[in-house]
Each structure stands twice: as C-alpha cells, then as structure tokens.
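I set out to record what I looked up in this model, entry by entry. The sequence and coordinates are placed below for reference.

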Amino acid sequence: MRSLNKNILFGLYNDETELLGAISKAKKAHLDIFDVYTPFPVHGLDPLLGLEESRLHQAGFVFGLTGTLTAFGFMSWAFVKDWPIIFGGKPHWPAPSFIPVTFELTVLFAAIGMVVSFYTVCGMGPGIKNPTLDDRITDDKFCIAFDTSGLNSNELDEINSFLANTGASEIHTKYI
Amino acid sequence: MSRHYQVESGMSLTGSNADHRILVKPSEQGAAIANLYNEVAKLTGGSSISAPKVNDAALGMLKKAAKDLVENKGKSLVLSGSNNTSEQVIINATNALLGNIGTTIDFNEYSNRRQGSDSDYQNLIKEMESGAVSTIIFLDANPVFDGANNAKFKAALAKVGTKVAITIAMNETANVCNYVAPCHHNLESWGDANPVAGNYSLVQPTIAPLFDTRQAEESLLVWSDNTMNYHDYLMENWKSMQSGSGFASFQSFWDNCLHDGVFSTGATNNSVSFSGDVNAAASGVSQPANAPLEISIYESVNIGAGQYANNPWLMEMPDPVLRTVWGNYISVPVNWDGINNYTAFENLEDGDLVDVDINGKKVSCIAMRQFGQFPGTVSIALGYGREVVGLTGKNIGTNINALLEADNKGYTQYYSTQVSLKKLSKKDPNFACVQYHHTMGVTDNGKEENKVINADEKILGYKGFQGSLTKRNVIRRTNLNELPKAVTELKEERAEFKRLNDRTLYPGHQYKYTSGHHWNMFVDLNSCTGCGSCTVACMAENNVPVVGKFEVHRHHEMTWLRIDRYYYGDINNPNVVYQPLMCHHCDNAPCENVCPVNATNHSSDGLNQMTYNRCIGTRYCANNCPYKVRRFNWLDYTTADLFGINENRINGEELPFYADNLTRMVLNPDVTVRSRGVIEKCSFCVQRIQEGKLTAKREERQLHENDVKTACQTACPTGAITFGDRNNKESKISKLIHSPMAYRVIEEVNIDPNVVYSMKVTNRSEETIG
Amino acid sequence: MGAYVSPVREPLIIGNKTYHQITEDICSPTEKTPTKQFVIGFILAATFLALYVFSVTWTVWVGIGSWNLNRTIGWGWDITNFVWWVGIGHAGTLISAILLLFRQKWRTGVNRAAEAMTIFAVICAGQFPIIHMGRVWMAIFIFPYPNTRGPLWTNFNSPLFWDVFAISTYFTVSLLFWYTGLVPDFATVRDRASGWRRKLYSNLAFGWTGSAKHWQRWESLSLVLAGLSTPLVLSVHTIVSFDFATSVIPGWHTTIFPPYFVAGAIFSGFAMVQTLMLVCRKTMKLEDYITLEHIESMNKVILLTGTIVGVAYLTELFIAWYSGYLYEQFAFYNRVFGPYWWSYFGMMGCNVISPQIFWVKKFRRSIFITFFMSIFINIGMWFERFVIIATTLARDYLPSSWSYYSPTWVEICLFLGSLGLFFTCFLIFARFAPVVAIAEIKSILKTAGDNYIGPNAVHAPHHDTHSVEEDNHSHH
C-alpha cells in the first residue's frame, strides 16, 4: 500500500443531501477540502467542488482516431503496396471491405486507451492498494476530508466545528 | 445430325444418350429385332419373316425407326448386344437391306476382339465333367466367378487333375487351382497385339517388376521347354512383318515400331455379302414371355464383369446413370401419381433392401428407383459380390454372376423371365449415392384433359414446386428443329445477364487478363456421353483420396470432377443430359472473397488458386460456391496428418489404404497430398499448365495449345472437353467459347466463370414431340 | 439530470431499503456459504462443461468428419450455435449501454448480470468459429501478423476476418465496460471482507477509494464506453450477419440481414436475461431489486424486437415473391415446404406468434409465463439460425448437389456443453461478484425507491436538491 504521508481529518455523513449542504458551506467559508468520498456518484457534487470536466473524452477521440488510421492505413498498404492479390474480381483497394475492421479497431483503440488512461490517471490498477479512510465509505457513509499538515490549532478547530455543525455523524483523524 | 434409337428395358449409358428410347421387356428383344426387320423389309422390297408380338408403343416407334433408317440407306447402323445367334443373323440381314455392308460396316478393318465363344465354354464344362480334361491353364480369366453356370464349372473343375492359374492377383478361379503362377502386371510386360485387322501394336514395360513374378508368355515358354526368353521370342515373331515395311534392317524396323507403338500393314480387301437364312433364323428368335417381372443383367460401366472390382477408383466412381457407388443396385421402375409424388414399384425407395429370386436362386439386393425403366422389368449390374479379391472389392455388392445361365445353344443369356422381388422392411444403412435430385423438367400428361404438367414434385396443390427448376440456367437443351429459336433465346438472355452484371459495386473496374494466358475450358454437352472416364482420370492425376462407401453415404466424396445426370422430357421415357462439373475458376469468384486467411485467390492467368498449406478449413468457400465443387478433407483420408489413430478405412482393411506402400506408388509426385482439414478442388491441372509453360520456356517459344492438356480432356473419349488459352487466337478454345450455343451455368449470378458449356441438342423426330 | 420523477413511474427498488440494506442484500450471496441449490446447479453445469471439453477434444482428434456436415452443407450446428450465442450476448450491452444513453433507470437492477451474461455468451460464441476449423492448430493464420512468407497477409474482404475483429473487440470492450462498473462494487465487498477474501477483493478492486474525482471520471468513462458500445453492438451482429449476407447463396444474399439479425439478437438476449434473472432473483433473494417492473420492461422490449423480427420474416417472403428472382423464390418455398419445414414452423411459432401474448399486461407481469416464454424464444431463435444456415445450404443453385443434414452426437454434445460452459461461468460470477450494481442502485434509491416514490412512499423526493441543481446543467 502506498502511503501519502498525510494526516487527514475527516467527517462522515449519513446522507448525500447533508453532504452537499456541508460542502457548499465549506466553499463559502473558504475551507480547503482535501477530497470527498462517497459510496456512489452523487449528482451535483462535481460543480460544487469545482472539479474540471474530465478530459477522457478527448483522449478517447484521439485513441479512436489512431485506431481508424492504423486499420485503414495498414489494410490499404498491405493490399495495394505490399502484396496485391486478386480476390473475387475485386479491385486491389476495396474500400467498402475495409469499413468493418476500421470501425472495430476505432472502437477498440478508443476503449482500451480510455480505460487504461482512466486507471493510470486515477492511480488505480491490478494489485494497487490505495489508502482508504473508513470501510463504511463504500457502504453508506459520505466523507469530507481535510489535510491537516501544516495547519495550526485554530484552523483545526475551525474544521472540527464546521464538521460538527454541518451534521457529520462522526469525526476522525487518520494518517495515510 | 445423327439420330439414335435405343431399344432396351432399363436405362443403359448408351440408351441415356439416345434421342429415342424404345422400351421393351428383355424377352421382347427378339421380337423387336424381327419386327424391325419386317418394317425395313416392307420399305425396301424384302420379304417379311414370322415375328413374335412386341408391345404396341414399341411397334409404333420401330415403324418410325425403320422409316428413318430406310431414308438414310447406307448411312445407318443397326447393332444388337444379343447373345442369341438367330437374332444376330436377322440384324445382319437388316443391315444388308439397308445397304450398310461395306459402308458403315467395314469388313476390311474388322475387329479381332471378342472372339471367344460362350458355347465353347459350356462345352468345356461338359468335357471336364466327363473327365476328359487332365490339365487346364487359366490366363487372364476368372470363369469360376464370371462365367455362366459358374457353379457347374467349379464342380466340373474339381475333376481336372492339374489346374494352373496365371494371374496377377488371387481370384475365385486361382483359389481352386493347384498351381498359381503370378505373372507381371501389364505395365511390367512385353507383348504385342492385333486388335484390328491390319493394325499391330507393341506393349513395352514401363517399370521393372515390383514383385517376384514372371510374365505369362515367359512361363509358357519355360513350360514348353523353349529356352528363348520372351523378349527375343517377340522380336522373332515380328521379323516376318519387316518385309514391305520400308525399313532396311530389322533393328530399325523394330526400333521404329517400339517408338510409334503401332504398325499398320494396311487394310484387307474383303468383299462380303449377306447370305444367311433369315427365315430359319426367325424360328430361333427368343420369344416374349408372359412373366409379371423380368430382369435384365448388364456389365456395369465401371466394374465390367468383375475384373475391376479391386480398383478403388472404379468402385468410387459413381455409376453414370444410377449415381451410386460401391455396389450394384437393382433398378426399379418409377411412376408419377399425377399429383405430387413419385412412387416406385412395390413402393420401394432408394436404399431399401429387397430379396430377389432369379432363376430359382435368391439374392439380397438394394433397390434404386430408375426413371425410364420399363414397367414390369428391373435391371442389375454384374461384377459385384466377389469374395476372392483384394481388399477393395471383397464382399461389396451382390453377386449376380452366380445367377447367369446359358441358353440351349450354350450362349450366356443376360436376362431372365423367372424373377420375383420382395421388399424387406430394412434399408441399407450406408446407402451411398452422390445425387439425390434427378429431374430437370419432366412432364406428364395431366389428369385435366391431357394437359402437359410439370411432373416435378408439387406441394399442397401448388404445381411445379420444383418446376421452377426447369427455368434454372443450369442445363440448356433443345431439339434440332428448335435450335434456331433456342439460340436466339440464349442470346437475348445473355444480353440481359450482361446488362445486370455490368452494374457492380466497383464501376469501371474489371481485371482484363489479356496480357498473358487466360485459361478456359469448353464442355460440349452434346459430345459428353457421361461415361465417367474424366472423373477417374482426375482422381488419378490429382491424388484425390478414395473415401469408401460409408463416407460417400455421408456425402463426403472427394471427387473434384463430377458428372451430374438429369432427366427431362416425358416422365415415362425421359431423355438424359450429362453435365461434367468442375471448378469454374470464376473471375468474380465468390469463394475467393470469403476465405479469411487468404488461402484462395485468383492468378493473373485466370485460375482460381488453392493454397493447401494456408487453409485452416472454415469451409466458407465451399458454402459460397454456387456450383458446389469444393471438397473438404473431413477425416484423415490420406494418412497425411500427425494423428495415427484416426485414419479412415475404405473397406475395413487393417492397414489404412493410403498408408500401404504399394498403393502410394499411384500418387502423382507433381501434386500435393492434402491433409485433414483442408479444402481442395479442381485446379485446371495447374501442374500440367506449369509443365507446359516450362517446356515452352525451355524451348524458347510461345506456348502452343497442345502443350497443356488437362487430365479430364485427355481421358475423354469423345473430345467433349476442350481446354486452352482463350487469349491465343489460334487455339480451338478461343473460337469455341464464342459459339452461339455456348452458355455459362448460372451466369446471372455474376461470378463470370471460365468454363463454358454448349447446349445439348437432341434429334428427336418432330412427330414425336409435344 | 434533475431529480424530477414522473408520478406514473412505479418504484424500481422495493422493501424500504436504506443504503446499508442495499449493501447487505447484494453482498451477502458472495459472503455466505453457497446454498444447496447453488451447489447442485454448479455440479450440473460443471458436468456439462466436462462434456464440452471431451467433445472438443474428440472433434480435434478425429476431425470435422466426426460431425455430419458434408460437401453441400459445410456449416450446421456449429455456426448456428455461434450466431445464437453472439445474439444472446447483445442484450447485456443493450442494457448497459443503450439504456444508459436513454437514461432508463431500470437498467440498474439487471445491468451487471446482463453484462456478465454478455461476456460469457461471447466466450461461448467464440468457441465455435475456432473449433469448427478443419485445422484449428493453424488458427493463428487468421491474424495479420508479420511473417517470413512474403509477408503473407490475411484477406480483408472476408466477413470471417471481420468477425475476428468484431468479436474480439466486442469481448474486450464489454469486458472493460463490465469491469469498470464492477470496480466500485468490488471495493464495497472488499471493505466488508477479512482474511483471504479481503486480499482477493483488494486485488480485484484496483485500489478504488470512492474519491469524488474518481467518480467523475468513472461516470465520464461509462458514458463514452456506452456511446462506443452502442454502435459496437449494432456493428458486431451486423458483421456476423455479413457472414451470410455477403455470399451469393439465395436465402443468404439479402440486405435485410443486418437489421434483422440485430433485432433478433436483442430479442434472444433479453429472453436469456429473463431466464437468468428470474432464477437469480429467487435463489439470491434479490426480488426487491429485480422487480416486476424490470421484468415487465424487459418483456416490452422482447415484444417489440420479436415483432420486428416477425416483420422481417414477412418482408423476406414478400421480397422473394416481388423480386421475381426464381432462385430466391425457391429458397423460401423450400424453407416453408421443403425437408426442414418443421424448423421453419418452429421458428415462426416461437418467435413471431408466442411473444404476442405480451400484449396482455397480466402476462407481461407473470413470472411463470415469462420464464417459459424466455425458453421458447431462445429455442425459436436457435431454429431461426438453423433455418438460415442448414436449410439454405441444403438446396441451392444446382439440384444435383442437394443434400440433407442432421447432427451427430458430437455436435449435440458441443452445444449442450457450451451451455455448461456458460452456466459454470455465470455461477462462478454469481458466487464471487455482486450480481446487481450496488453503487448504481444506491444512486437511484432516492428517485426510484418505494419509500420515496410510488403509492407507499414515506419520504417525498427531496426538494432541497432543486436549489443546488438549478445552478448547473453541465452534468448528467
């Protein structure tokens, strides 16, 4: 397990509406949220946190385009330049025949590319263990986490009271 | 154009090629001969003889035949296979009346074959029985199996003290002899022959003897205490022919004869006229019997009287008419119920087992429904059911030879009127027939006011369910009087096909194949008699595996070239058309498109190429072939794969057929032997094409049309198959493919085949049509 | 997406669930010891799998001659099974991908299991093109890899070659899509597990934490994969239909095949999902998540696609007549009246006539009828492929080569064995992975759970969320 070497102060909520309310308050209070963890994707969370739109779509497009060019280009080269053969009276460049494989490779490259990018960018993969704050987060608890490294005791109190006031059912610290 | 009338009861190969078939019972053969003589005599001023009654339909046709014959005096031929001397005398008299002696019947270059006499043979039986024979030597003969009254022969033979068989393989006769002298195979032998008067030929060995054998003639020399060896003896024999040959020395004469293979001394000069007693002969003619069932017995096209029973190629060659393999089958008549069903005699279906009683002896046979079989008759082939024979022929089929009897003059009779047939409730579990659908537009007079209906099966009252078959562009046929119309129709249809075929997905694209060769094949459906020689030649040339009866039963036959046989015309007496089908090497081949691994593609000289080593056996190409000419190696037929345990047996032999070293000598070294799991098909004998090209290259000249001949083309006795380069303006093929009667099978599918067929034209007399 | 829910919608989660209850219900089949039903089912499936392995070995050892295919009919049960399995797989992708794009919440009850079904169906499908090869040990020739024989490439014109890419792409993308969805659920199971199970699920969960940024990317990825999978699933069965449509054989050579096959695939796939779901929900006690709503919705899809398939059959008959092309006409007479008429009527009965009972609401919501219908439909769809393949090949252009085909024991065992392969894989999946998409179910609880909407609602949908969502429309 990789260690982030951080001291995390986090609060657990029982409901996503509470969570969303707490976050908007945190934003208004200019508190620096380390991360938010939920058991399922909560709608409305991303814009609240100010998360930029993922660029996976653009990556996917580029991967797909690579697939298209690879497939179509390779088949055209093999049939026209490398070893032209007569098949059933068709011309050496039977463009309609190339369409299915081109389409499939486009999709394949896009999918594999995006999935690999996804896991890479998220720091996930087979055998990788990322530190988690609480086992119940993947069950039914919602978590707002703050990184307490370099914070003085006033700021810590601010966070603690913020968490208590917004309805956190539990507040803990953990070193990850 | 010639016109062929055939008088018979069952559908023979010759009869299937006839314009008109006159159906008679076997016992009516004599009556037919006598009545024909009388009809011809009426028209030529001869006197009539007493003739037994022949059935009315036959009599009507015999009258027409006589009229045609007389209108073509000196240009006709009347032949009979009858083994009754009186009937043959009447035939000779008929030919004499028709002025054929000296014109179509040539006594100057007469044949020396078939000089044996059945009656001499029956006399031998009597002599042996009386103990008058002490030594007998058999050479190239197997009378214990194939002679008439062979049981009597075998019993009489036991009384002979010394029995010697000179033979290349054990057979039924050698099996009962005290001495067997194994002799050379023909290909290992020296010899000479005089098949036709004035024509001599020499036989030379092509291979050193494989086994410890001695040529028959050599044996005879040794036994007659002659110290000369046979080769020298042969040369001595030819010394007398040197004079008048134009050669100064015997050695040059001999060398020249060996090189040519034939030597002709010129025809004899015989003036012959008919002097037989027709009236006396009339009393010896066979009389029609009033039997409920008669059987005609014939030598099969592939096995003969049994001498070829050990030849797997011939066993696997489908009978041209029956389309069955590995056995003889009793042909039973078929009739149409007028609605939607063909029923056969005794409700028999193909493959049903029957017990047949012939001349008091009982045998078990397998039935086959036969179009054109005269009702009240059945037919079956000789040559099968052998017991002392190699691994191939053992116990295949039914032994009919044992039932042959001779008439009172000693001549073997190939029919019987003492026949009964009983259907058993069993079927042959491995019934092997390569074709299941037989008709291409047979008509019958319908129940509604003599209306002609298409007698192909009908379903639920809808007529002509398979009648659409008649419009299929597979077989094109016509009669001579309608030929101009058929040619015009063909031209119009082809123009329409071309109009449709020009609309492709790639307009403006067309490979032209004009710069090198463009191999084409022309098959003349008129010349093709359906004999099947081409199919066997193809198997021999291309190492096509023999798979055995069980595998053919499963439709796993491997033959690259097949001859489809279709019946058309009047369902009770149909005409037949044969269509040899091989890979058409289509320029727009559907098979090439669909092979995923690039195992089949088109060469620049128009051949569809097959790369056995690349094929992974998905069989999509075979599915996509509209002609269904591709063959798949379903099992390890050739013992070419690594798995020893799964090799196919063709007749229960212990060592697989293709694993035997002697058998493997038959393989053509120029052609790959394919392994299990690979598709194969006709290659237009590409090995011969390559050889031809190399020969021309070595001789630094253009390829001539005689440089390349495919195996099927070479074997065809009538020249029905022509193969060549259509780009060579001098070749025959380049002209033939533009004949107005030339068409391509299912041309409308736009596959652009390189095999062209020529319409079949019959010459039926117009009064009989419609 | 707003949280507004139409008042006519029935709840998709019943039983007054909380998030924790959802976790408990869905994770418990993977945590408790297997029931006796499961063990019996697994042994049965594994036996058929063993039969499959034996039959494949026999086929490769003896040759394709151990089947009853012949010189006229080169494909029979083998390719019928191939198309049948591929068709079944399409429902999973449709449920995951297309229903996601159409924002149908009910997909969440069945999508995980349906996608798993897709993957296992594609595994089963992929067996047949491989084992039907005459020289399967040379199968690598089908890939265009560089070699020293030229290099000799493959034939890009061949639909079988397209199939290689289509099926492998379909398998890969489905696997990636399914697994991506499973990762958060594996994390859920991981966090409840201990000992060797903790280690196992830890590895399977790829280090999922539930971070908001990760969820955002996850949803983005799911959306694009859905968007890719939709044309993919349409293209895959289209390419499979090209195996027939691009040939010249009458009865195969027809442009109706791509939409006809795709509709048929969805039809049979949904039927198989019904079969699986009806058994799963009962044995794993998931009736609260796979409700009658889900079953009814799937039956509506079955009715629709079955009708499309029926219309396609009638269109084929009409076009055969209208075209005037005698070979095409004969191909259809032959289907209806020829030696295989029984399979044609089986196909018509099971596919066209029987699904029409789903017009009646009572039958759509009947578990008993749905279960038997789902089996009939799959039988009918098997007959459809058999009719297309074997009947058409048996009688084509040249009557002299007409033939008949019926399978040997090897072919039958291969088919039954492939069912064993499928069910073994599915049972292993049901044992080790959550069969319902935990995170997705939780995300629709507030808008589709019966304590929030529907006649038994205790809580109304939360209106506070409106003020938050009003600010932004940029997310889904």
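I take two strands to pair if DSSP finds at least two bridges between them. I note at the outset that the model is predicted.

Entry on the sheet in chain B. I looked up how strand E6 is joined to strand E7 (residues 199-203) of chain B, and I found four bridges between these antiparallel strands. One residue pair I checked is B:Ala193, whose bridge partner in E7(B) is B:Ser201. I then traced the sheet as a whole: three strands of chain B form an open sheet, ordered E6-E7-E8, with antiparallel pairing. Its edges are strand E6 (191-196) and strand E8 (262-264) of chain B, each of which pairs on one side only. I recorded an average turn of 25 degrees between neighbouring strands of this sheet, direction ignored.

Entry on C:Arg335. I located C:Arg335 in helix H10 (residues 326-337) of chain C. Is C:Arg335 buried or exposed? I entered C:Arg335 as buried because 25 C-beta neighbours lie inside 10 Å, and the cut-off for a buried residue is 20 or more. Setting aside neighbours within four places in sequence, I listed C:Tyr344, C:Val387 and C:Thr391 as the contacts of C:Arg335. I also looked up C:Thr392, which is 57 residues from C:Arg335 in sequence, with a C-alpha to C-alpha distance of 7.6 Å.

Entry on chain A. I noted that the domain assignment gives domain 1 of chain A as 7-52 + 127-175 and domain 2 as 61-122. Over C-alpha atoms, I recorded 46 Å between the centres of domain 1 and domain 2 of chain A.

Terms used: Residues numbered from 1 in each chain as written. Chains lettered and ligands numbered in written order. Predicted model: local features only at pLDDT ≥ 70, side-chain atom pairs only at ≥ 80, totals over all residues. Domains from an automatic or database assignment. Helix = DSSP H or I, 4+ residues; strand = E, 2+ residues; numbered from the N terminus. Buried ≥ 20, exposed ≤ 12 C-beta atoms within 10 Å, placed from the backbone. Contact = placed C-beta atoms within 7 Å. Axes fitted to C-alpha atoms, helices over the stretch in contact; angles between N-to-C directions.
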